[in-house]
Amino acid sequence: MEEKGREKAVAAMAACYQRFDPAAYLQYNYTPPRADFARKDSIVPWKLACLHRAFTEDDVSGELLVDIGSGPTLYQVLSGCEVFNKVILTDFLEVNRQELRRWLQDEAGCSLDWTPYLQHVCKLEGRRLSAWTEKAAKLRQVIADILPIDVHCSQPLAPDALPSAGADCLVSCFCLESVSPDLAAFTRALGHIWKLLRPGGHLLLIGALGESYYFGGPGVRIPVVPLNEAQVCASLKESSYTLIRLEVYTLPQDMRVGVDDVTGVFFAKARKD
Ligand SMILES: C[S@@+](CC[C@H](N)C(=O)[O-])C[C@H]1O[C@@H](n2cnc3c(N)ncnc32)[C@H](O)[C@@H]1O
Ligand SMILES: O=S(=O)(c1ccc2c(c1)CN[C@@H](CF)C2)N1CCSCC1
């Protein structure tokens with residue numbers, strides 16, 4: 001696609017996001033039936049287990065963890081906050097950064113109670129359930145910043161946002177495929193965030209498989225690049241990552257609740273050599 005065409009498609013995607021509703025998005029995706037901790041086959045235990053395992057492997061280490069496209073969610077850094085002493089959250093929209101700041105400052109008006117997520121990760125860590133308050137305090141202590149980001153920019157963050165060496169680890173969940181107009185843009189975005197990572201650092205990438213749209217609020221239909229496993233692997237390779245492992249979860253029929261047409265979720269652990 002020509003440069004002009006690419007810019008128009010990215011601008012159209014940004015326009016879609018102007019109507020994104022954090023509270024509705026959280027309701028659609030982070031409350032039952034999708035977020036049902038009692039169900040063995042629920043997506044939540046699977047995803048939190050993938051993140052817990054990856055963040056507790058010896059090769060994932062360092063000072064700084066950056067979450068790319070955090071949105072209004074925190075589950076993606078609940079394991080990482082025990083490994084890295086500095087966490088930077090990022091998002092394209094001020095409404096999402098505000099939602100994260102409300103939680104960070106323990107203000108009233110948070111759109112979702114993250115306690116069940118904090119408790120579940122404590123369980124994965126072999127801690128007592130009541131340690132969730134300590135985990136919340138730990139997360140509030142290590143979150144160093146909540147920054148604007150645009151993964152379609154060659155330099156997604158402000159020039160002085162990260163140390164010159166880059167981040168030791170990136171995590172990104174349901175972002176790149178849901179903000180990119182097509183597969184080429186998804187792959188380019190992977191390349192842009194690659195530059196934020198130090199050599200030897202890791203990317204923990206979670207995303208949707210087979211998804212062509214989702215609702216980011218009532219009537220806010222947002223297009224998504226439908227991905228399959230082979231495309232995820234090829235895009236990671238094309239944007240210079242070494243894939244360490246790819247895991248896939250197939251969504252049970254009753255979790256296909258009409259807020260999107262996702263059929264599965266992938267978890268990829270990759271390294272920048
Ligand atoms: C589907 S949500 C994912 C949110 C969260 N990471 C999760 O796991 O649910 C996609 C996020 O990407 C953000 N976003 C939209 N355009 C973006 C861009 N150009 N660069 C980075 N993030 C963007 C949106 O604001 C939204 O928070
Ligand atoms: O995997 S989820 O079902 C999930 C969570 C978020 C999303 C989707 C799916 C699919 N559409 C994405 C649009 F970008 C957002 N899940 C929701 C419960 S907690 C763990 C994540």
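In which sense do strand β1 and β4 pair, and over how many bridges? The exercises below concern a predicted model, and each is followed by a worked solution.

**Exercise 1. Place strand β4 among its partners, and decide whether its residues are buried or exposed.**

Step 1. Begin with strand β1, which covers residues 64–68 and pairs with β4 in the parallel sense over four bridges. Within this pairing, V66 stands opposite L170 of β4.

Step 2. Turn next to strand β5, residues 197–209, which runs parallel to β4 and is joined to it by six bridges. Here L170 stands opposite L203 in β5, so that L170 has V66 of β1 and L203 of β5 as its opposite residues.

Step 3. Apply the cut-off for burial, which is under 20% relative accessible area. Seven of the seven residues of β4, residues 167–173, are buried, and the strand is therefore largely enclosed by the rest of the structure.

**Exercise 2. Work out how the residues of the "binding site" annotation are distributed, and which of them belong to the lining of the largest pocket.**

Step 1. List the positions: according to the unreviewed UniProt entry, the annotation covers Y25, Y30, G69, S70, Y75, D91, N96, D150 and V151.

Step 2. Consider their spread. Because they span 127 residues in sequence and their farthest two C-alpha atoms are 24.0 Å apart, they do not all gather at one spot.

Step 3. Compare the list with the pocket lining, which includes Y25, Y30, G69, S70, Y75, D91, N96, D150 and V151.

Step 4. Describe the pocket itself. The largest pocket has a volume of about 680 Å³ and is lined by 41 residues, of which Y25, C173, F174, C175 and S178 lie nearest its centre. Helices α1 (3–17), α2, α3 (43–55) and α7 (176–179) each supply at least two residues of that lining.

**Exercise 3. Describe the surroundings of two annotated residues, Y30 and D150.**

Step 1. Locate Y30 in helix α2, residues 22–30. Its relative accessible area is 10%, so Y30 counts as buried.

Step 2. Examine what Y30 touches when residues up to four places away in sequence are not counted: the set is Y25, A35, K47, T73, Y75, L112, W114, Y117 and F174. With one of these, Y75, the side chain of Y30 forms a polar contact of 3.3 Å.

Step 3. Locate D150 in the loop between β3 (143–148) and β4. Once neighbours within four places in sequence are left aside, D150 is in contact with F92 and P156, while a polar atom of its side chain lies 2.8 Å from the backbone nitrogen of H152.

**Exercise 4. Which residues does H192 touch, and is H192 buried or exposed?**

Step 1. H192 lies in helix α8, residues 183–194, and is buried, with a relative accessible area of 13%.

Step 2. Not counting residues up to four places away in sequence, H192 touches V151, H152, C153, S154 and P156. The backbone oxygen of C153 lies 3.2 Å from a polar atom of the H192 side chain.

**Exercise 5. Characterise D106 and S240 by phi, location and accessibility.**

Step 1. For D106, phi is near 55°, a positive value in a residue other than glycine. D106 lies in the loop between α4 (94–104) and α5 (115–124), and its relative accessible area of 57% makes it exposed.

Step 2. For S240, phi is near 75°, again a positive value in a residue other than glycine. S240 is found in the loop between α9 (229–238) and β8 (241–250), and is partly exposed at 42% relative accessible area.

Definitions and conventions
Residues are numbered from 1 along each chain as its sequence is written. Chains are lettered from A and ligands numbered from 1 in the order in which they are written. This is a predicted model: local features need pLDDT of at least 70, side-chain atom pairs count only at pLDDT 80 or more; totals for chains, interfaces and linings use all residues. Side-chain values use heavy atoms; hydrogens and water are left out. Buried means under 20% relative accessible area, exposed over 50%, partly exposed in between (1.4 Å probe, protein chains only). Two strands pair if DSSP finds at least two bridges between them. UniProt positions are given in the numbering used here, feature names are shortened, and annotations may be inferred rather than shown by experiment. On a 1 Å grid over the protein atoms alone, a cavity is a set of points where a 1.4 Å probe fits but cannot get out, and a pocket is an open set with protein on both sides within 12 Å along at least five of seven lines; lining residues have an atom within 4 Å of a point. Contact means heavy atoms within 4.5 Å. A polar contact is a pair of N or O atoms within 3.5 Å; within protein, one must be able to donate a hydrogen and the other to accept it, and residues adjacent in sequence count only if both atoms are side-chain atoms. Grid points are joined across faces, edges and corners, and a volume is the space filled by probe spheres set on the points.
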